[in-house]
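Let's take a walk through the charged side chains of this protein and see who meets whom. Keep the model open beside you as we go.

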Amino acid sequence: MRCGTNNSQERMVCDGSKNISLDCKDEVNVSLLKDDRSVSHCFGSVHFNHSGTLEAVCSKDWDKNDGQVVCRELGCGEVVSVSSGSQPQHGRMHDQVDCKGSEASLWHCLANHLESSTPCKTANVICSGSVKVRLSDGPGRCAGRVEIQYEGKWKSVGESNWKEENSKVMCKELNCGDAVAAPGTDSFIQGNSPVMDIEVTCVSGSTSISSCIKPTNKLQQQLQQQEKNKMLICQERWVVFLMGDSACSGKVGIERAGKSYWLSGSNDTWDRQTATVVCQQMDCGNATSINFESTSVVNASGTTDLWKYSYKCLPTNKSLFGCERSERLSNHSIASVVCSGSKTVSLKDDAGGEGKCWGKVDVCLNGMCGGVCEDAWTEHKSNMLCKAFHCGSAIYPLSYLKTKSQSADDKITIGSVHSTQQTTNISQCNMVKITDGSYCQNKPAYVVCSGSVKARLMYHRDRCSGNVQMFYQGIWRPVCETALQNQDVRNTICREQGCGHAVKPLSFFGPSPASSDAVVSGLSCSANSSSSAECGVTLTQTNNKQCSFGGLQCSEWRRMVLKLGKGACEGQVFVYSGAHGWAVSSDGWTETESKVLCTDLGCGAYINHTTMENAEDHDLWWGKKYSCKGKNNSIWDCELNDGPSQNQPLFVKCLDILTASLGDPGKCSGRVMLNNLPVCYDNWDDSHSKIACQEQECSNRISSEETNKGRRADGYFVSCSGSESNLGQCKTTKGKCGRGLVSVSCAGAVKFNSTQKCGGGIKILYRGTWESACLPDLFSKEADFLCKKLNCGSPRRFQTGLIEKSDEEKGLKTPETSLQCSSDNTDLEHCILKEKRCEKPDVIYCGGYQVKKPIDPIPINLYVGLSLGVLSLVMVAALCLFLRRRFVTRFKARFSMRKESAFESGDYEDVETSENEQFGPMEMRDLNRHGSEIDGDKENGRRSAASSLSYDDIAEVENVPAQPLSSGGDGTSSPGPGAGPAATHEHVTYEVEEDQQESYDDVVSMITPAETREEIAEVHERPKPKGLEIHDDEDYLEPDG
């Protein structure tokens, strides 16, 4: 038995007459250790405590039979699960335990008892005695959050890991009757407990939750983190309540399963100590007085039932239901009590003050205040709170501000709030305090009641039109355009203002709000909603880039203006709605109304108002009177439903003057100014430009553009309806521009021209500079208007060769402006569009355009004749060049031979050009000798009388003798006096000169055909005289030096 030695000294006799008992010295019992360290109850790793020494049981072959023996031995109920431990053990161990399941002790089972240095993992067991259940953070033990104690830890259970059968089993296990099908209006906090990670599934016949646990079925951890914990209310949930004039006094009632009962009250069944326990249970201090009231009081359910028990409490009792109870009842009276404490519930705004119809839920119990956890707050409780404060109904609990830091005074002290059927005020509810001070500190419950939500249309100048703002959580907040997209939302806002139905959404007017608070980014209203308090509201912490604010115009829109006076701040009073204007009667109008109107118009202080006796008659009169009393935000707050008794025009004059200007005086183009302050481009459109141009007598507008983009300058915001005659009559306000500034071009500033007279590139003086432009077509009506504007007739088309492009036209830039006239436009100034409709500057040519002088075409036969003539000249020139070269070569040869002969004899002969007798015998012989050669040359065409080439001849005229050349003082040669034989000098020679056009140098000049003979002058070949140099490469003689 491994139990040591026998302690008994008796001698044992085995004769079958009696049972033999042994009293062994060793003590052995089973212990379960938590985490293999401390002793636990009904779960843990299995050990033998052998005479004070722990010996581990190894998990090899460990099963439910073995575990069942352990649970029964320890009185821990049924085995729930067995498993293998994670910690290896050393020393004396018991391995391979094998029980049949009927053994009284695990020690009696077969096992391998050994001493081993080889570690083993311990055997674990969980018995049903260690599994407990409870409903936490509820107003009693039969309602709250489901929690199961497993392996020594309380754990919550996810909703998806819970079946309806589980609820029934749990309620019965808690002696709370059956489960309630639906929790109703009650809710409980989620708590900090870890979530069960194993399946819990009960079946019909299950008697306890421990039998429903499936330890082998593990759940997904991700699902556990995402889902909510299971809440449960059982039928035997008993709740005490007080019904009286205050939260801490009144008749004592008990609610069970949704039905109310009264607590019996008499001297035998109701005393001060029991009443004090009730007061403390209701967080109302101690009982100051007790009383009994008649049972004639009827419950809300229509009954006067008394609770089946009466109670006798002790000072140690914390709950009425924990007191001693009996069935002694008084059928004639009901217990009542007045407690010493106080209990209030309010809404606290962000500044810590009392919020009006919105804020954080704040509960004060006997002077100790704190917030309520958002987890357990329900819409039912929000409605109760709003009703108690006369703030309408709750919109929904709101926690978007939960990330704001909490001060010490803002800590959350209440986990959940529970009401009964008899509760009429939320302060009468049962408050369940938070036991874990760290839980839910960043999740306070907020309530927004319909009484704190309202919409308005901003800017007093207009009625039923303006920027949409919503009063939400004590702040007027702008509304994003996206929240106004739905027609039901727009109609609801207009109905709330008494402005009919919505007409159209508007862009936000004026400077954007600089507040960093949350804005209304979403609204959801039904078709029948009468106010924005009935709509769902979504707040977003955003900025202007993410949310464009919006406005709205309703069907009852109207605006009051001063007209028919000097400027926008004096004149007759009119009410405009759309394009129609109605004159306002002076009946009942006083200085008070005038002051309000001057302020609304932005016209400063009031000067005077008068009734106009001789004013123009008006067909349309506004059918309402005005009377301002007390504090009025605008003239529309003074409007009465009564009509005037008589219609007399009203004239009002205010102090300020709103003067508009447009660029430099007389320019009709430039920046728009109002009282010397620029006008913002925000909200500006073409209708505004039209008013600005006409006010400056600059005809109609052409275009507007944004300047100073991104500068956010100070300026006027302007919004016109279209009925105004000057900008000052429009709705205006000052502030930082969201966009740039406005610059407008009017038709009165436009001029037209072209790069040439009556033609070329189109030029428009527009926006202060000359620009190019696009035309629809050369023969469009716009082109016709342009030609007439230039006084140049009508458009014409010319051949390309007749058009000369000017340098100015070449330098024109790509147009950004086009000419496009509508069907009713007859003036070209009104046809200018700021649009790019062509890729290059268009041109126009009108009837008055001066084309280039045309050049007559040359006939084809002249082209042919000129070509042949040029070719012939080229051929003749080539032939002449050839003949010249040949003649010069031969002449030089003969001339060289004669020079040698002349120089050898030392004599010079003069060459005469007269008759034969002028020649000497030698010259005549030479002449006759060469005559045949010259005649041969003539026959061969070497010399031609018809040749156009000139020659430098020795004898140029017939019968005129050749003149001798004398050397002048300047080096030139000239005829000497007494020319002839007698005047001949030996140093005188005849020079053959070369023509500048490279003509031939002939010895013999050409004679006409009528002449009978030729006179040829020949230079005799003589020895070279002193001082005369002959150049072989030249055709003439040159004196040396």
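Counting the salt bridges in this predicted model gives a total of 26. A few of them deserve a closer look, and each can be followed from its partners to its surroundings.

Start with E236 and R256, whose side chains come together in a salt bridge with an N to O distance of 2.3 Å. E236 sits in the loop between β12 (231–233) and β13 (238–243), while R256 belongs to strand β14 (residues 249–256), so this pair links distant parts of the chain, 20 residues apart. How buried or exposed are the two partners? E236 has a relative accessible area of 16%, which makes E236 buried because the limit for that class is under 20%. R256, at 23%, counts as partly exposed.

Now turn to D462, a residue with two partners to visit. One of them is R559: the closest N and O atoms of this salt bridge are 2.7 Å apart. Which elements does the pair tie together? D462 lies in strand β28 (residues 462–472) and R559 in strand β33 (residues 550–563), so the bridge connects parts that are 97 residues apart in sequence. Both ends are out of the way of solvent by the accessibility figures: D462 is buried, with a relative accessible area of 6%, and R559 is buried as well, at 3%.

The other partner is K731, whose side chain meets that of D462 in a salt bridge at 3.7 Å, N to O. Here the link runs from strand β43 (residues 731–736), where K731 is found, to D462 in β28, with the two positions 269 residues apart in numbering. K731 is buried too, its relative accessible area being 5%.

Elsewhere, salt bridges with shared partners gather R134, D137, R145 and E147 into one network.

Before leaving β28, it is worth following this strand to its other end. What does β28 pair with there? Its neighbour is strand β29 (residues 475–478); the two run antiparallel and are joined by four bridges. Y472 is placed opposite I475 of β29. Together, β28 and β29 make a hairpin with two residues between them. One feature to look for in the turn is Q473, which has a positive phi of about 55°.

Seen as a whole, β28 takes part in the hairpin with β29, and its residue D462 forms salt bridges with R559 and K731.

Definitions and conventions: Residues are numbered from 1 along each chain as its sequence is written. This is a predicted model: local features need pLDDT of at least 70, side-chain atom pairs count only at pLDDT 80 or more; totals for chains, interfaces and linings use all residues. Side-chain values use heavy atoms; hydrogens and water are left out. A salt bridge is a side-chain nitrogen of Lys or Arg within 4 Å of a carboxyl oxygen of Asp or Glu. Buried means under 20% relative accessible area, exposed over 50%, partly exposed in between (1.4 Å probe, protein chains only). Two strands pair if DSSP finds at least two bridges between them.
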